Each structure stands twice: as C-alpha cells, then as structure tokens.
Amino acid sequence: MRAEYSVTIGRQTMVHQSELRTQHSDTYERALEAAGLGVWDWNLSTGACKYSEQWCQMLGYQKKDLPKGADLWLLLVHPDDRERAIQSGDRHLAGETASIETELRLRHKNGHWVWVLDRGCIVERDENGRPVRVVGVQTDITRQKEAEQNLGQTNERFRLALAASGIGIWHYDIGLQKSNWDARTRAIFGLYPGPTDIIATTWQKFLHPDDRDWTEREHADALSKDEEVNLRYRIIREDGEIRHVETLAKTVPEDGLAGCLVGTIRDITDEVSAADALHAEKERYKVTLESISDAVISTDVRGRISFANPAALRMLALQDVDLTGQDLRTSFTQYLATSQDIPPQSSQDAGHIITTDTGTFRRKSSPLLSSAGELGGNVFIFQNITEEARRQQELAYAARHDALTGLYNRSAFDEALEDAIGAAADTPFAVLYIDLDHFKALNDYAGHAAGDEALRRIATGVCERLPSDAVFARLGGDEFAILLPGSDTTSARKTAEDTITAVRNVDLGFVVSRQPLGCSIGIALIDDPLISAPDVLARADDACYAAKSAGRNRSSVFVEQNDVLSSGLTAARMAAGLTEALEDNRVVLFGQEIRSIDRPHEWSGRIEILARLRSRDGRIVTPAQFISAAERFGVAPMLDRRIIGDALKQYGPTMEAMDLQLGFNLSAQTLSDPHLWSFIQQAVEETGAPYSHIGFEITETAAVTCFDTANLFVRQARRQGCVVSLDDFGSGLSSFDYLRRFPINCIKIDGAFIEKLIESKFDRAIVSSVVGIAKDLELDVVAEKIENAATVAHLQHLGVTFGQGYHLHKPEPLADMVARHLARVPTVPTPIRQIR
C-alpha cells in the first residue's frame with residue numbers, strides 16, 4: 001500500500017463505483033461491526049481510506065480523534081511490521097496473491113500494541129481490469145498471540161526439560177505400522193542422527209534376548225488398554241553394549257482411525273547400576289551385621305525398631321522373634337526386665353553401660369541423618385563387655401588388694417589412713433603395725449611356698465577376730481597393719497592381743513621350724529588431724545620395734561619422747577629426705593671395684609654401683625642411713641631406677657669401649673615391679689649401653705618376697721646377656737635351692753663367711769663348698785668384705801675368681817674412678833675375663 005502506488009491507481013478510471021458503494025456499504029458495515037471487526041475501505045482512485053467506528057474503538061479512539069488519509073494505518077503500525085504489511089498489499093494488487101492476509105501490531109491510544117489479523121481484497125476494478133477499490137477487515141488477535149506466545153514458552157520449557165532429563169519421545173502408528181523416534185530416542189538406542197520415521201520392527205531388534213518375549217507382550221497388551229504402561233527392560237546396542245531403559249506408553253485413540261501408541265523412553269542404566277551396587281552394599285552390611293558379635297538395633301524417628309541383628313536377639317534372650325515395628329523402650333522393658341538401663345530415644349549417648357541377664361554391654365548410639373541433615377532415626381550398638389567388665393573388676397580389686405592374702409594392699413591402706421586422719425578430730429583412731437616373728441626362719445626351713453601359705457592362713461585367722469569396721473592390710477613381706485576407727489587404748493590393746501593369739505594359733509598344716517610363728521605389734525593412737533600419714537606409720541613402727549626389743553610376741557603403745565626422735569620417726573623423715581634428694585638431683589653415684597683375685601691390685605673395669613646422698617648442707621649421707629628407710633616406706637624402687645638411669649645415661653655410650661661393666665643392686669620392692677624390665681630396655685635403647693656389660697645383684701630376701709616376678713626378670717636379663725648375681729649367698733638356709741630356681745651366672749658369697757676365713761675352719765669349708773658347686777654349674781664366684789692380703793691368699797687357694805672389699809678398693813665417686821682410668825690408660829685396655 002505504498003503512497004506512490006496509490007496515486008497512480010487513483011488516476012485510473014473506475015466503473016460503477018458509486019452505485020455499488022451506495023447499494024451495499026451500509027449493509028456490510030453494520031454486519032461487520034456487529035461481528036466486532038474493524039473495517040477499512042480504500043479508494044485507489046482518490047487515495048482516500050475510510051475506517052469504521054469499530055476499527056477506531058479497537059485502538060481506543062473515536063473517529064474524530066484520528067486524521068483522515070490513506071496512510072493513517074502507517075502512522076500506527078509497529079516499525080518491525082510495516083515493511084511486511086506493505087509487501088502483503090503490494091503482492092495482492094500485483095495479482096500475486098488472492099487476498100491480503102498478514103498479522104501486524106497497531107499502537108493503541110494508551111501506548112500498548114494491539115495484534116490484528118489484517119485481511120482484504122480487491123472489490124472493484126475498472127473496464128481495463130485494474131483495481132480501483134480494496135476493502136478489508138482487521139480482527140483483534142492480541143489474546144490469541146499471547147496464548148501462542150505462552151504456548152511457545154511452554155513448548156520451549158518442555159523441550160528444555162526433555163533435553164535435561166534425557167527422555168526420548170516416540171509414537172507408533174497402529175494403522176500405518178510405522179514408528180517415529182525423536183533424536184533422543186535414537187541416541188538411547190545408539191543410532192546416529194537421522195530421520196524420525198523408522199521401521200516398526202527396528203525396536204524389536206534391539207531387545208535383550210532374555211527380555212524380548214515379555215517386553216513385546218506387554219507392549220501388545222498396552223495397545224488394548226486405556227491406561228499407562230510402565231516397563232523396564234534391557235536393550236543391546238549395535239556395539240554390543242547392554243543398556244537398561246524405562247518406557248512409559250499409552251494408547252491414544254483417533255476417530256475413524258486405529259490410533260497410535262505414544263510413549264517416552266529413558267536410559268536408566270546408571271540408576272540400575274547404582275541400585276545394584278546399593279543392594280550389594282546393603283547385603284554386605286546385612287551379612288556383616290548378622291556376623292558380628294555386637295548387638296545392633298536401628299530405630300525410626302518415633303523410636304520403633306526397624307532392624308535388629310541376631311546378636312541383638314541373643315542380648316534380649318530371644319530366638320526367631322521379629323522386633324520390627326516394636327517400640328525400643330517397650331522391647332527393653334519387656335525382654336530385659338532386670339536391665340539397669342533402658343536405651344533412650346535420643347541419640348545423645350556416649351558409652352553407657354547396661355547390665356542384663358545375658359551379660360554386661362556398653363551402649364553407643366548415632367543419629368541417622370538424611371542428606372539434608374534431617375533426623376531419620378538412630379542406630380544403637382551394644383558391645384558385649386562382660387569379660388572386659390569382669391577383668392576390670394578384677395583389676396580394680398587387684399589395685400586395692402594384696403594378691404597373696406586378699407587383704408587390702410599398701411595403697412588402699414594409705415587411702416583409708418588419710419581419710420581417718422581427716423576425721424581424727426571427731427573420731428580418734430588407732431593403727432596397729434604388725435611384724436611377724438621368726439617368719440624368715442620358716443621360709444628358710446620350709447621354702448617360700450610354705451611361707452606364702454602361712455601368710456594366707458594368718459590373714460584368715462586374724463580377720464575372724466577383728467571388729468567389722470577394721471581395715472586390715474598387708475603392707476609388704478611379713479608386715480601388716482590394722483586401722484581401728486573410734487578406738488581407744490583399751491580396745492586397741494584388746495585387738496592387738498586377739499591378733500597375737502590368732503597368729504600363734506594358726507594351723508600351718510606342716511612341720512615348722514623350731515621357732516614357732518608369732519608377731520610383734522606397735523600401737524599408735526591418733527587424734528591430731530594435722531599429722532601426716534608417714535608419721536602415723538612411723539609411730540606404730542617405732543612401737544613395734546619396742547615390742548620386738550622387749551622380747552617379741554607382744555604389743556607396745558607408742559609414747560612420744562621429747563628429748564630424741566624414735567627410730568621410726570627418724571626413718572620416716574629419712575625417707576622424706578630421700579624423696580626430696582631425688583627430686584633435687586642430689587643422688588651421687590659411687591662405685592666399688594670387683595677385682596680378679598689373681599690380680600687384686602689391677603683395674604678390672606668391674607664396678608658395683610653404690611649410692612650416696614648429698615644433704616642440703618653438702619654432707620655425704622651413707623646408705624646405712626637411708627636404705628632401710630627407703631625400703632620401709634616404698635622409696636627403694638624410685639631410688640634404684642634413678643641409679644640405673646643416671647649411670648647408663650652418663651657411661652652407657654662408652655661402656656663397651658672402656659670395657660666397663662656396671663652392676664646394680666635391686667631391692668625386693670624393685671624386683672616386685674612387673675615393668676622393671678621394660679624400664680631397663682628403654683634405658684639401654686636410649687643410651688646405647690650393651691646388655692653384656694650390665695649386671696644385677698639380688699638377695700635371697702628380695703627373691704623370696706616376689707619369687708615369680710624376680711624369676712621372670714632374671715630370665716629376661718639373662719636372655720639378653722646381662723650378668724645376674726645372687727648376693728649374700730649362704731646367709732639363708734635356702735641359698736642352694738635358689739641356685740636351682742634362678743638362672744643366675746654369678747654367686748657373691750656373704751661377707752660373714754669371708755671376714756673370719758683365716759681362723760675359721762667352718763667358714764673355709766663353706767667357701768670351698770660354694771666354689772666347688774659354682775665350678776660344676778659354671779658360675780663365677782665373688783667374695784665380699786676382703787679386708788687384708790692374707791684373706792686374698794686363702795681365696796686364691798680355694799679357687800675364688802673375684803673379690804671385693806676395702807683391701808682391694810674402697811668406694812669412691814664413680815666419675816673419679818672413670819676419669820682416673822681414662823687418664824692412666826688412654827687407649828682401650830685389653831679386657832680381662834668378664835663375669836659371665
């Protein structure tokens with residue numbers, strides 16, 4: 001509808017125009033306006049174009065609001081639609097199209113755009129056939145266009161959703177026996193992009209042989225059903241790969257036609273693999289949970305049981321019972337009526353213990369959380385700790401009781417003593433310190449097994465006569481103590497006499513030595529809450545010492561002396577001073593050489609390590625002043641470990657190069673420590689000291705006090721090549737028996753047989769016998785307390801190989817000995833024969 005074209009047409013002659021317009025226009029316009037259509041009437045000869053009132057209203061105008069002119073619509077058309085609309089009219093006027101038909105947008109009076117469908121055609125021509133009048137109508141299709149746009153958006157979203165989901169679309173025309181697969185469906189079957197129409201039988205060729213029959217049957221059934229069919233089956237691609245697919249299909253009927261089967265297809269191989277893996281994992285977990293000994297119960301959020309393994313049923317004393325769906329707390333109340341604890345529904349649980357008829361269990365629980373962190377239930381695990389609980393009870397008992405007699409041990413007694421001291425102001429108490437008389441003679445005569453049995457029977461006999469609130473303990477060896485709450489002098493003496501009688505009347509069941517067992521008892525009465533526990537024991541021990549001095553087999557009450565401290569208190573303070581010296585590093589290592597009897601004045605490199613204390617004022621304190629106190633008050637193990645550790649730390653790296661052999665004395669308390677050998681091993685590893693240059697000396701008394709532990713230690717030491725000497729040999733009647741019981745490799749003859757060796761025929765006979773036995777057993781012999789050259793000559797004659805004493809070497813600081821040796825012998829000396 002270009003303006004230039006309009007002017008040209010306007011010049012052409014029109015025939016019958018006015019008559020036709022007059023005849024029909026009113027009728028047609030009324031009909032079109034009634035239909036809601038905007039009419040336009042374009043006179044090509046004049047160029048005028050009239051618009052109906054309905055057309056103006058469609059755009060929100062009145063006729064009077066719009067200018068007249070053929071190009072009015074060009075002023076209102078959307079710029080993007082103008083050229084397309086003009087071309088539509090031009091093609092019609094040129095005879096290329098039967099009518100004008102186009103969609104365009106016109107501006108509404110309010111500024112928005114109105115979509116219209118513009119349709120028109122030539123209604124008049126001149127005598128030459130040229131068009132002179134064109135009439136058309138415009139229909140408001142805004143809502144239709146909006147619907148189309150919405151539909152397009154919906155279709156696009158659907159397309160994107162299908163693309164994202166990987167779902168393919170297909171349909172099967174029942175009448176034509178043809179299938180149509182979209183690109184996604186072709187890809188699922190492993191086909192290259194191609195036409196959507198395919199042969200209907202293509203699908204069957206891909207079916208897995210094991211799935212073909214039933215899958216085809218289900219598809220055939222779907223053709224006759226008015227419901228959706230869901231199938232999962234396998235296909236085999238051309239490359240041999242097996243895939244799992246899921247199909248949703250439904251028959252869509254068509255009037256007069258056979259209809260079609262429409263469906264979707266989705267590759268679910270990954271889902272099936274994941275499901276199979278999950279199932280296998282669940283099976284593994286199930287088998288594992290059914291195999292383990294721990295009871296496992298899982299619940300939902302309401303506390304109802306969803307799983308219980310066989311161990312859980314055994315815990316509940318059930319067989320072949322399904323607990324699924326039962327309330328957890330109800331189940332435990334029903335089946336564990338004697339349970340001391342019932343699992344809560346809460347998961348805040350960290351190792352509670354429950355005891356049931358079937359055993360003792362440690363309970364733990366954990367929440368079952370979803371990926372979003374929401375609680376889905378709980379898992380309860382009940383670990384059977386019946387044996388562990390029993391062992392813990394045994395260990396707890398052993399930690400407070402003496403293994404031999406079953407009485408309280410030193411640790412438990414000290415605890416009870418501290419409690420009694422704290423309440424002494426309101427409740428005075430008494431402590432009885434008991435030391436057996438002639439017990440060593442019994443051990444020497446009948447052996448340590450008899451001694452052990454005597455201690456057990458004594459403990460039983462005394463317990464039967466004690467008040468119910470008494471605390472009876474074995475402090476160690478043949479020493480006992482009794483704590484009597486609320487006791488005075490009279491009641492304490494009465495208990496002491498009953499105890500003496502019980503010990504004297506014990507039936508040992510075997511022949512005893514000529515000296516019958518008895519006991520001496522020291523009594524300390526305490527009402528001072530400020531006194532220390534060591535002082536309490538020291539008072540009782542001091543009174544016990546007084547009872548022994550008065551003739552044994554009696555009791556004595558402690559009486560504090562103002563002019564001088566008693567022996568017990570002195571010992572307690574000495575033990576405390578020893579502890580302080582250890583803490584302050586005031587332990588000084590001394591040594592005394594063990595020399596060859598054949599070369600008594602030559603350096604041997606064999607040294608027995610001795611200890612001295614340096615007091616705070618610088619004085620040197622000898623062992624005679626603190627060793628007995630250390631053993632009495634349990635400080636000896638700490639002292640022995642310090643001596644061993646310091647000596648190896650200082651000289652361990654050079655012991656082998658200097659041919660330096662260090663020997664250490666071990667007290668009974670040290671030998672009683674089951675961890676002693678572990679300490680030795682660690683010290684050797686840290687210092688590099690060779691085992692073959694380390695020796696240990698034990699006495700008969702120490703060995704009999706803790707025979708089993710001492711025997712194990714000796715065997716461990718000998719296995720590593722250490723020297724182990726039996727010290728003070730001959731002082732007890734069981735000395736020779738220990739040669740058979742212990743795998744030692746050296747004997748140190750008790751100095752009592754050496755001091756009077758020259759004038760005593762008996763002592764020479766004993767030494768000669770020991771040397772003979774030692775040679776037969778391939779043991780080395782060391783003679784102690786050699787005080788003169790004459791004794792050395794006699795020992796040479798008797799065949800003794802090594803000696804020790806003031807005549808050969810007096811104890812001196814170990815550091816001075818080593819330094820003097822290094823200064824005298826700058827090179828490594830040729831070693832003399834080592835003590836094995």
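**Exercise 1.** Leaving aside neighbours within four places in sequence, which residues is Leu 660 in contact with?

*Solution.* First, the ground rules. This is a predicted model, where local features need pLDDT of at least 70, side-chain atom pairs count only at pLDDT 80 or more, and totals for chains, interfaces and linings use all residues. Residues are numbered from 1 along each chain as its sequence is written, and side-chain values use heavy atoms, with hydrogens and water left out.

Next, apply the test: contact means heavy atoms within 4.5 Å. Leu 660 then touches Trp 603, Gly 605, Ile 607, Tyr 651, Met 655, His 693 and Val 818.

**Exercise 2.** Place Leu 660 in the largest nonpolar core.

*Solution.* Start with the term. A nonpolar core is a set of buried Ala, Val, Leu, Ile, Met, Phe, Trp, Tyr and Cys residues joined through side-chain atoms within 4.5 Å. Buried means under 20% relative accessible area, exposed over 50%, and partly exposed in between (1.4 Å probe, protein chains only).

The largest core has 82 residues. Leu 660 is among those that touch the most other members, as are Phe 664 and Phe 696. Helix α21 (residues 636–651) supplies the largest share, 7 residues. Helices (H or I, at least four residues) and strands (E, at least two) are DSSP runs, numbered from the N terminus. Another core, of 29 residues, lies apart and includes Phe 472 and Ile 500.

**Exercise 3.** Is strand β26 (residues 661–665) largely enclosed or open, and which strands pair with it?

*Solution.* Count first. In β26, 4 of the 5 residues are buried, so the strand is largely enclosed by the rest of the structure.

Now the partners. Two strands pair if DSSP finds at least two bridges between them. Strand β24 (residues 606–614) runs parallel to β26 and is joined to it by 3 bridges. Here Ile 607 stands opposite Leu 662. Strand β27 (residues 694–699) also pairs with β26 in the parallel sense, over 4 bridges. Phe 664 has Phe 696 in β27 as its bridge partner.

**Exercise 4.** Describe the open sheet of 5 strands.

*Solution.* Read the order: β2-β1-β5-β4-β3, with antiparallel pairing. The edges are β2 (49–51) and β3 (100–107), each pairing on one side only. Strand β1 (residues 38–43) meets β2 over 3 bridges. One of the partnerships links Asp 41 with Lys 50 in β2.

**Exercise 5.** How many disulfides does a search of the whole structure find?

*Solution.* A disulfide is a pair of cysteine sulfur atoms within 2.5 Å. The search finds 0. Cys 463 is partly exposed, at 38% relative accessibility. Cys 722 is buried, at 0%.
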